[in-house]
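Dear colleague,

Please find the structure below, handed over for your use. My findings follow directly after it.

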Amino acid sequence: MFLRYSEPEQLTARVVGTTRAAGCRVETYRDGETFHIDIDLPGMDPADIDVSVDDNVMTVRAARHSGGDEPQSPAQDYAKQVRLSDRLDTDRLDARYDDGALTISIPVRTTDLARAA
């Protein structure tokens, strides 16, 4: 699935689901000088969420541990990959987890802002 924007620079994100996260809601949008990615990850401990970027591919991994001490209770692992535009400054990525939703904010590179003006 490709998500496209009407701005001249057309920032794009390609969302690729892996493992059970394929059913999680993912929403991408641009607000001014920042590109946002919202992923529903209800019931997660923020310490068990990992966000990394390698070669313009952002990977989000999360694990929900079984509730209780029973060894037969399986944990649930989630993974999402999002291909990011090279117009985003991934070095300044900010991720926040609040009320079951992970919000990732990535600034648009300033050189691209000047071109759009």
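The accessible surface of the protein comes to about 7,100 Å², computed by the Shrake-Rupley method with a 1.4 Å probe. Carbon and sulfur atoms account for 43% of this surface. Of the 117 residues, 36% count as buried, that is, under 20% relative accessible area with a 1.4 Å probe and protein chains only.

The model is a predicted one, in which local features need pLDDT of at least 70 and side-chain atom pairs count only at pLDDT 80 or more, while totals for chains, interfaces and linings use all residues. Residues are numbered from 1 along each chain as its sequence is written, and side-chain values use heavy atoms, with hydrogens and water left out.

Confidence

The average pLDDT (the predictor's confidence in each residue, from 0 to 100) is 76 for the protein, and 67% of the residues score at least 70. Among the elements, β9 has the highest mean pLDDT, at 96, and strand β1 (residues 2-3) the lowest, at 34. Over residues 1-22 pLDDT stays under 50. Where pLDDT is low, the predicted coordinates should not be read in detail.

Fold and sheet

The protein has 9 strands and 1 helix, taken as DSSP runs of at least two residues (E) for strands and at least four (H or I) for helices, numbered from the N terminus. In sequence order, the helix follows the strands: β-β-β-β-β-β-β-β-β-α. An open sheet of 4 strands is arranged as β3-β4-β9-β8, with antiparallel pairing; two strands pair if DSSP finds at least two bridges between them. Because β3 (26-31) and β8 (94-98) stand at the edges with a single partner strand each, one side of each is left without a neighbour in the sheet. From one strand to the next, the twist averages 20°, with axes fitted to C-alpha atoms and angles running from 0 to 180 degrees between N-to-C directions. Strand β9 (residues 101-107) pairs with β8 in the antiparallel sense over 5 bridges, and R96 has T103 in β9 as its bridge partner.

Core

The largest nonpolar core (buried Ala, Val, Leu, Ile, Met, Phe, Trp, Tyr and Cys residues joined through side-chain atoms within 4.5 Å) has 18 residues. Those with the most contacts inside this core include V60, I104 and L84. Strands β4 (34-40), β6 (57-64), β7 (76-84) and β9 each supply at least two of its residues. Leaving aside residues up to four places away in sequence, V60 touches, among others, I39, L41, I49, Y78, L102 and I104, a contact being heavy atoms within 4.5 Å.

Yours sincerely

Definitions and conventions: Buried means under 20% relative accessible area, exposed over 50%, partly exposed in between (1.4 Å probe, protein chains only).
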